[in-house]
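Hello,

Below is the structure I said I would pass on. My notes on it follow.

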Amino acid sequence: MTQHTPVSIDRLNGEYLPGMLAAARGDRMLQDVAAILHTDRWNSFDQFHRTTKTLEQQYRDAGAEVEVDAIQTGGRLGTGRWIIQEAADVNTATVDVVEPVNQRLLDYLENPWHLIQWSAGTPREGRHCRLVVLDTMDELERLPRDGLTGCAVLTALGVRELMPKLADKGAVAVLAESDVPNNPDAVAWTKFGWGAISMRHATARLVGFALSRNQGRQLRALAAEHQGLTLHIKADIRKYVGAHDVVSGIVRGSADPQDEVWAIAHSAEPGAIDNASGMALTVEIARILEELIAAGTLPRPRRTIRLLCGYECYGFFAYLERRRRLQTPLAGVCIDSVGSQPAVCDGRLEWHDSIPMSAGFAAEIGAMVLAAALQRRDSGYRLYREPFVSTSDTLIGDRQYGFPCPWITTHRRGRGFDAYHSSADTLSLLSGAGLETCAGGTAAYLYYIANMGTEEVGQLAEWETARILAQLQGVRLTRAEALYADAAHDTSLQRLKRWLWGGDRAAILGQLESARAQVTAACEQAAAHDRTQRRPTAAARRVPRRTAPLSPTMENTPPAIADRISAAGAKPWALFWADGRRSIAEIADLAACESRDSVNPHPLGSGKKIELEHYLEYFDAHAELGYCELIEPAAMLSRVRLVRDLRALGLEPGMDVMVHSSLSAIGHVKGGAETVVEALLQAIGRRGTLLMPSFNHRAAQVYNPLATPTTNGAIPDAMWRRRDAVRSDHPTHAVAAIGPRAAEYTRDHTANGVWAADSPIGRLIHGGGYILALGTDHNTSTAYHVAEISVPCRCIDMFANTNAVVQPDGQVVSVAGLAFRGGACPVPTSKLDETLDRRGQQRRGKVGHADAGLVLAKDLWTVRREHILDVCPTCTVRPKIGPR
């Protein structure tokens, strides 16, 4: 059954896409490609910084804002992190035959592809070397330990793995003969390592040059004719601790500029298609959007579109990991090798899915928009939906730390021609019309996902649910395949909640829960025939939980660990299933479904089965590297255990309680933070009301009650997201509540004041409620601020700052909010626990592994008032008014 396109995407394709396609200019993009190639082609960090200046100017001319983040080289050795260990500036590099004839072989200044990246340098005056031709490993292995001392080796073997063997034999230099199909005069882009020389080879030093196939043949013939040659090699290279840049062109959002969608296009590569074309496309996207916005034909998107250019993987991953942000980007796209002439790519415009466990709807949106773009613009392309491919930039689709990231490309070996990663990758291979289609279509995709709201969430949830239900109809699945399909749908719908913007929260969450129930039921029915009982070993029942973003690069991984990871055979992204809830055995089943996905039209991989013991080794190695921890099932706490501990502490049915918590202090919990929330609700029963802080502490530029996360930790963040939770409207210090008095506690929070007597916490205090410090102490119990306001103190003004809030109708309004004290209180809050314990007003106990304390909220309020009553009148600390 053919699915209709969601109404909002039809509207985009009809109203805005034509204008975006018309605004795209291929001639302008070709000029941008040429400008970028002018510096990136040198493979030298000083030139890469000049590319930064070019991109800065191009983005500014496009009307976009610009940011440049310098990522320092070096550090964190052997951690698996994606780190370029050193910068290198290349001044000159030449190779000459000097005996028995004089002949220049190559000159970096004439063709920079001739120098192998991460090459060592020579003395200022260069070196003389005897040429040795080696074309088999047997020839190399037969040589004695120092058999190549002082020699330069000409070889057609792969030099990255050959490098340490040549260095071990004493070689000075290697001349790598390229193999570029159908391009015998082209020089391949050759590197001793991707972002650095691998730890495995880190002590090896070799001067490296690359030759075309014809140059290699000519040199071989010359050596045979003269029965040996002497070369003079020279490489003037300066290596140092430096930096590589991530350049952002920013189309600033109108309503919530802090929330972002990303387009990534890697820089620092010397080819026109790969990837000056991608960078030029990001600049053109900025031009298209800013021009149409300035003309008044396109509203500014609700959220920000960030267009990033940086070193492949090493730039983007470092930026993602190191740049502090309230939450991960919403979604995006990888732009890598676009705009090829149709003859070069067989007319294929490929749109690749995001990583398997990522939200699938993003790829579906892009495919619908690109299909419409190709219908409107004849560029010689046809759209091909393709499965996920790790570029490896697309690993940024990491579900926990990254964002759904499809890949747009015309990277295709067409009609026997292949200029990939070679000097044959020139401007002539690009199509202006092709670039226009890619730019207009990608701009529309990015605009749509930056501008989505609750209406679009509802449409996409309905569309995605219908798509998966149609695929499940009449299908027989194994139990693992059913879990895989259900997990995919759950991931998409959970991610869609990030776009909620105004509207009836209960209604939209109800729609999403109903959709989830439908798919879960269909998956269970499809697998009803599978009664297989699996009894995994104790080791396979361990539960891995990730402790670092992304997956490691083997270049910066100790060889012994890298060998274990590689030998396991599992994909790098199998690590992304480790959410602290699934066992290794369950992850192995899910990862296997990626290769034989019955409900996915684009199965991944060869379908080769990876044995469970290999996954055990895979996760053991990642744990040793620090990318995950392995939790024994017996060490995981159940809800039953937590409820028992809470009741023993003093929680009773009908109690109203505000909880400040630390999940890490409690320990590993089956089901995570959600289980803790369920245990608390069970402990206080249906007559009790549970409250938790849902603060963002001014980390949010715009407070969206339907989507802004709390910075109070995993348990409060899980709590407010429940459908039965009510969240107050305070822009910086909202409170969430579940229970019969939830609406009463949370009403009029902003209007009444953050810590007023009739604020949520004030009502709890004066209504006989309790405070539970769960894995924390009362330094975190915000009730003491209600006491401070009541004195009154002069260091807090509840209405002196201005903050932005999203209203139920979707409008953003400014409200008066908290100005907190600009200095430390002279009366430390550490005295609270001491006084409460001395008076016997606090019940102490353990909940899981956490120390916990339960007090009557009024008692804590009273103690704080007593502590500060005589200090406040003379205190000189005042509120901090203005930006954080």
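Helix H4 (residues 45-62) packs on a sheet, where it touches strand S2 (87-99) and strand S8 (230-240). The direction of H4 makes about 130° with that of S2. Please keep in mind that this is a predicted model.

The sheet under H4 is the one to start with. It is open, has seven strands in the order S3-S2-S8-S4-S5-S6-S7, and its pairing is mixed. Strand S3 (103-107) and strand S7 (207-211) are the edge strands, each pairing on one side only. On average, and with direction ignored, neighbouring strands of this sheet are turned by 25° against each other. Within the sheet, strand S4 (residues 127-133) and strand S5 (residues 151-155) run parallel and are joined by four bridges. Leu131 has Ala152 in S5 as its bridge partner.

Strand S1 (residues 65-72) holds Asp69. The relative accessibility of Asp69 is 17%, and buried means under 20%, so Asp69 counts as buried. The side chain of Asp69 makes a polar contact with the side chain of Arg323, at 3.1 Å. Apart from neighbours within four places in sequence, Asp69 is in contact with His244, Asp245, Val246, Tyr319 and Arg323.

Two helical items come next. Helix H17 (residues 584-593) is mostly covered, with seven of its ten residues buried. These are Ile584, Ala585, Ile587, Ala588, Leu590, Ala591 and Cys593. What do the buried residues of H17 pack against? They pack against two helices and two strands by name: helix H14 (479-496), helix H18 (612-625), strand S16 (543-546) and strand S17 (628-631).

The other item is a helix pair. Helix H19 (residues 639-649) and helix H21 (residues 673-684) pack at an angle of about 45°, and their axes are 9 Å apart. That angle makes H19 oblique to H21. The crossing of H19 and H21 is right-handed. On the H19 side the contact is made by Arg639, Leu642, Val643, Leu646 and Arg647. H21 contributes Thr675, Val676, Glu678, Ala679, Leu680, Gln682 and Ala683.

Further along the chain there is an open sheet of three strands, in the order S20-S24-S25 and with mixed pairing. Strand S20 (702-703) and strand S25 (812-819) each have a single partner strand, so one side of each is left without a neighbour in the sheet. Strand S24 (residues 797-806) runs antiparallel to S25, and seven bridges join them. Ser814 in S25 is the bridge partner of Ala804.

Last, strand S27 (residues 850-856). Five of its seven residues are buried, and S27 is thus described as mostly covered. S27 is joined by five bridges to strand S23 (residues 770-774), and the two run antiparallel. Here Ala773 has Gly853 in S27 as its bridge partner. Strand S26 (residues 842-847) also runs antiparallel to S27, with six bridges between them. In this pairing the bridge partner of Lys846 is Asp851 in S27. S26 and S27 form a hairpin with two residues between them, and Gly848 in the turn has a positive phi of about 65°.

Regards

Conventions:
Residues are numbered from 1 along each chain as its sequence is written. This is a predicted model: local features need pLDDT of at least 70, side-chain atom pairs count only at pLDDT 80 or more; totals for chains, interfaces and linings use all residues. Side-chain values use heavy atoms; hydrogens and water are left out. Two strands pair if DSSP finds at least two bridges between them. Axes are lines fitted to C-alpha atoms, for helices over the stretch in contact, and angles run from 0 to 180 degrees between N-to-C directions. Contact means heavy atoms within 4.5 Å. Buried means under 20% relative accessible area, exposed over 50%, partly exposed in between (1.4 Å probe, protein chains only). A polar contact is a pair of N or O atoms within 3.5 Å; within protein, one must be able to donate a hydrogen and the other to accept it, and residues adjacent in sequence count only if both atoms are side-chain atoms. Angles under 35 degrees count as roughly parallel, over 145 as roughly antiparallel, 65 to 115 as roughly perpendicular and the rest as oblique. A crossing is left-handed if the near helix is turned anticlockwise from the far one by less than a right angle, and right-handed if clockwise.
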